[in-house]
Amino acid sequence: RFFIIVSAFPPSIPLFRDIIKSCASSLPPSLHIFGLADSLITPDLSRSLVDLFKSSSSTPSIDTSGSDSQASSSSSVASDHVTVLEHKGGHFIPTDSSSKAPIRDWLARFQKSNK
């Protein structure tokens, strides 16, 4: 029903990149999470993967790089297709509450009602 992609990079094989690009508009929604200080998978590489997942719509970004904590949420826009969560840390999934809240909100879109 969705993808969550953390600190990832685009495939090195051109055919695989072309496959992602060609079916991007029909892929399930994706949440891309990466750190701005990641030295293993640089933000530019992660953004390159995001570009492959984009359809013709704009890609909202949840910027969590603006405070002294591990991450802090500054803007959040829901998308039906591609959403990006950037945090100021490195190669990890942020666990502070200001980062978990946007992830939880994004996941809530896919939760089935228990009624």
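The following exchange examines the fold, core, cavity and selected residues of a predicted model.

Student: Which pattern does the protein follow when read along the sequence?
Tutor: The predicted model holds three helices and four strands. Of its 115 residues, 39% count as buried. Read from start to end, the order of these elements is β-α-β-α-β-β-α.

Student: What percentage of the contacts with a separation of 6 or more comes from residues 24 or more positions apart?
Tutor: Pairing of strands gives one view of how separate parts of the chain meet: β1 and β2 are joined by four bridges, and β2 and β4 by six. For the protein as a whole, among contacts with a separation of 6 or more, the share from residues 24 or more positions apart is 68%.

Student: Do β2 and β4 run parallel or antiparallel, and which residue of β4 is the bridge partner of G35?
Tutor: Six bridges join β2 to β4, and the two strands run parallel. β2 also runs parallel to β1, where V6 has I33 of β2 as its bridge partner. On the β4 side, G35 is bridged to H87.

Student: Which residues of β2 are buried on each side of the strand?
Tutor: In a regular strand the side chains alternate between the two faces of the sheet. β2 is mostly covered, with six of its six residues buried. One side carries S30, H32 and F34, and the other carries L31, I33 and G35.

Student: Which residues of β4 are buried on each side of the strand?
Tutor: β4 is likewise mostly covered, as six of its six residues are buried. Both of its faces are covered. The two sets are V82, V84 and E86 on one side, and T83, L85 and H87 on the other.

Student: Which element gives the largest share of the largest nonpolar core?
Tutor: In soluble globular proteins, nonpolar side chains tend to be buried together. Here the largest nonpolar core has 11 residues, including I5, I20, L49, F53 and V84. Two elements, α2 and β4, give two or more residues to this core. The largest share, four residues, belongs to α2.

Student: Against which elements do the buried residues of α2 pack?
Tutor: The buried residues of this helix are P43, S46, L49, V50, L52 and F53. Two of them, L49 and F53, are touched by I5, which also touches L31, H32 and I33, not counting residues up to four places away in sequence. Taken together, the buried residues of α2 pack against β1, α1, β2 and β4.

Student: How much space lies in the largest cavity?
Tutor: Rolling a probe the size of a water molecule over the atoms shows where empty space is left. The structure holds one cavity of 30 Å³ or more. The space in the largest cavity is about 40 Å³.

Student: How many nonpolar, polar and charged residues line the largest cavity?
Tutor: The lining consists of I5, S7, A8, H32, I33, F34, S46, L49 and V50. The elements that give two or more residues to it are β2 and α2. By class, the lining has six nonpolar, three polar and no charged residues.

Student: Is S7 buried or exposed?
Tutor: S7 lies in the loop between β1 and α1. Although it is not a glycine, S7 has a positive phi of about 45°. Its relative accessibility is 9%, and because buried means under 20%, S7 counts as buried.

Student: With which residues is L45 in contact, leaving aside its neighbours within four places in sequence?
Tutor: L45 is placed in helix α2 and, at 36% relative accessibility, counts as partly exposed. The C-alpha atoms of L45 and P10 are separated by 6.9 Å, although the two residues are 35 residues apart along the chain. With sequence neighbours within four places left aside, the contacts of L45 are A8, F9 and P10.

Student: What distance separates the C-alpha atoms of D51 and P10?
Tutor: D51 also lies in helix α2. With a relative accessible area of 45%, D51 is partly exposed. D51 and P10 are 41 residues apart along the chain, and their C-alpha atoms are separated by 9.1 Å.

Terms used
Residues numbered from 1 in each chain as written. Predicted model: local features only at pLDDT ≥ 70, side-chain atom pairs only at ≥ 80, totals over all residues. Heavy atoms only, no water. Buried < 20%, exposed > 50% of the residue type's maximum accessible area, 1.4 Å probe, protein only. Contact = heavy atoms within 4.5 Å. Core = buried A, V, L, I, M, F, W, Y, C linked by side-chain atoms within 4.5 Å. 1 Å grid on protein atoms, 1.4 Å probe; cavity = no way out; pocket = protein on both sides within 12 Å on 5 of 7 lines; lining within 4 Å. Points joined across faces, edges and corners; volume = space filled by probe spheres on them. Nonpolar A, V, L, I, M, F, W, Y, C, P; charged D, E, K, R; others polar. Pairing = 2+ DSSP bridges.
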